[in-house]
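Hello,

Here is the structure I promised to pass on to you. Have a look at it first, and then read on for what turned up.

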Amino acid sequence: MAPVKKGILERLNAGEVVIGDGGFVFALEKRGYVKAGPWTPEATVTHPEAVRQLHREFLRAGSNVMQAFTFYASDDKLENRGQVLRITGAQVNEAACDLAREVANEGDALVAGGVSQTPSYLSCKSETEVKAIFKKQLEVFMKKDVDFLIAEYFEHVEEAEWAVQVLKTSGKPVAASLCIGPEGDMHGVSPGECAVRLVKAGAQIVGVNCHFDPMTCVKAVKMMKEGVEKAKLKAHYMVQPLAFHTPDCNCQGFIDLPEFPFALEPRILTRWDMHKYAREAYQAGIRFIGGCCGFEPYHIRAVAEELSPERGIIPPGTEKHGMWGSGLEMHTKPWVRARSRREYWENIMPASGRPKCPSLSTPESWGVTKGHADLLQHKEATSTQEMKHVLEMQKKAKSSA
C-alpha cells in the first residue's frame, strides 16, 4: 500500500512550503481547448487528455497541489451570455476531480476542488440562491473526496464569505483567495478586513489570486496577515498571482488593461522574475505559493527551484534545466556559454523588441461593479443594442482616462 499523504493543514502546520500549480484557463486557451470570454472548463469532458497533460507538467515542475479544473464550472456560468449548456457543471466537476486525482496519485500531490465567483452574485441574486450554486458544486467534491477546498477568484468579500460558509460544512480544510490588490475588494473593503472576515467565516488559509502581478499580490497578502494578527486570529497564507507585470493596474487589475486578454505576452514574467517572487513570498511568511493566469509549468519550476533549500527537494523538471542557466555551459557559442551563471540572469533587463510600444498602458476604468445595471447577467447572447451601449461606454471611459 502507498503511504498516506499528509494533508494540506498538516503540511502548513509543520512549516512546509506547498507549491500550487498555474493558470489552466489561460494555458488551455492558448493550446486551443478553452474559449476566451466564457473561460469555462468543458475541456475536462471534451479533451481530458489536454487537461491531464497540463496537470502532469505542473506536477513535474514541482507542484504538490493538483487543483481540479473547476474554474467557473457552475451552471449559471456555463449558460451565461449565449453559451449553450451542453455539458452540466456536475459533469465538468466530476471529470475534473478524476483527472486531478489520477495525476496527483503519480506524485506527492493533493487534490483541491474549487469554486469561484458567479454571474448570479453580480446580478444581485439572493444569498440563498448564490449559496445553492456552491452547494451543488460541493456535492461533487464530496462524492469525489477531494483533499481540500478552495474558494478562489472573488472580487467581493461578501460572496467569498458565502462560498466559505458553504464549503466549511464539508468538514474539509478550506482555503479562500480573493482577486484583489492592496486597494481591497470592489467595494473598497481593505485586504486586512477581507482576511478577517474570511477567517471568521471558516477559512483556515487565506490569500489572493489572479488580477495582479506577484509582488503586488504578495503586498496584498502581507496586509491580510497584518489584519488577521491585529484581530488576534490565526490563519495560513496563500498567494497565486498572475505571470504578467501589472504596475499600471488599478483596483480591477489586469481585466482593465487594454491588452487583456489577447496581447498580454509582452508583460510575461521570466523564470528569473519567478525566483524573486518565490523568495519574496516566502520571506513574507506565505507558505502556499503558486500561480494563476499566465503561469506555465516552467514558472512553477522556477518557484520550486528557488525554494528547494527550504523544501529539501528539487523538482523532476530540473533534470532538463540547469540551475541558473548552468546548462548553457554546453552551448556551441562561447558568448552564450558566458551566460551560464546566476549573476547574469539575476540582473538582466529584458527588452520587448517593440520600438513603438509604451512601457505602460492606461486602464479602462469604467468604475462599475456588483449592483450596477451594466453587470446584470443573462442566458441570452449579447444583443446588438447591448454591444452598442458597451462601445459607447468604452468611448466615454477612454475620453475621461
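Which residues of α13 are buried? They are Pro-297, His-299, Ile-300, Arg-301, Ala-302, Val-303, Ala-304, Glu-305 and Glu-306. Please keep in mind as you look that this is a predicted model.

Let's stay with that helix for a moment. Helix α13 runs over residues 297-306, and because nine of its ten residues are buried, the helix is largely enclosed by the rest of the structure. To see what does the covering, look for β1, α4 (48-61), α12 (271-283), β8 (288-289) and α14 (308-311), which are among the elements lying over the buried residues of α13.

Next, the sheet. Eight strands form an open sheet, and their pairing is parallel. If you walk across it, you meet the strands in the order β1-β8-β7-β6-β5-β4-β3-β2. The edges are β1 (18-19) and β2 (65-67), each of which pairs on one side only. For a detail inside the sheet, try β5 (residues 174-178) and β6 (residues 205-209): these two strands run parallel and are joined over four bridges. There you can find Ala-176 opposite Val-206 of β6.

There is also something from a record. An unreviewed UniProt entry carries the annotation "domain: Hcy-binding" for residues 6-307. Across residues 6-307 the chain is 45% helix and 12% strand, and the C-alpha atoms at the two ends are 19 Å apart.

Now for two places further along the chain. Ser-365 sits in the loop between α16 (342-347) and α17. Is Ser-365 buried or partly exposed? Its relative accessible area is 43%, so Ser-365 counts as partly exposed. Setting aside residues up to four places away in sequence, Ser-365 touches Asn-250 and Asp-256. Try finding Gln-394 as well: 29 residues separate it from Ser-365 in sequence, while their C-alpha atoms are 9.2 Å apart in space.

The other place is on helix α17 (residues 384-400), where you will find Met-387. With a relative accessibility of 41%, Met-387 is partly exposed, because that class lies between the 20% limit for buried and the 50% limit for exposed. Together with Val-390 and Leu-391, Met-387 makes a nonpolar surface patch of about 240 Å².

Enjoy exploring, and write back with any questions!

Best wishes

Definitions and conventions: Residues numbered from 1 in each chain as written. Predicted model: local features only at pLDDT ≥ 70, side-chain atom pairs only at ≥ 80, totals over all residues. Heavy atoms only, no water. Patch = residues over 30% accessible without salt bridge, like charges linked within 9 Å, V, L, I, M, F, W, Y side chains within 5 Å. Areas by Shrake-Rupley, 256 points an atom, 1.4 Å probe, with all protein chains shown as cover. Salt bridge = Lys/Arg side-chain N within 4 Å of Asp/Glu carboxyl O. Buried < 20%, exposed > 50% of the residue type's maximum accessible area, 1.4 Å probe, protein only. UniProt positions renumbered as here; feature names shortened; annotations may be inferred. Pairing = 2+ DSSP bridges. Contact = heavy atoms within 4.5 Å.
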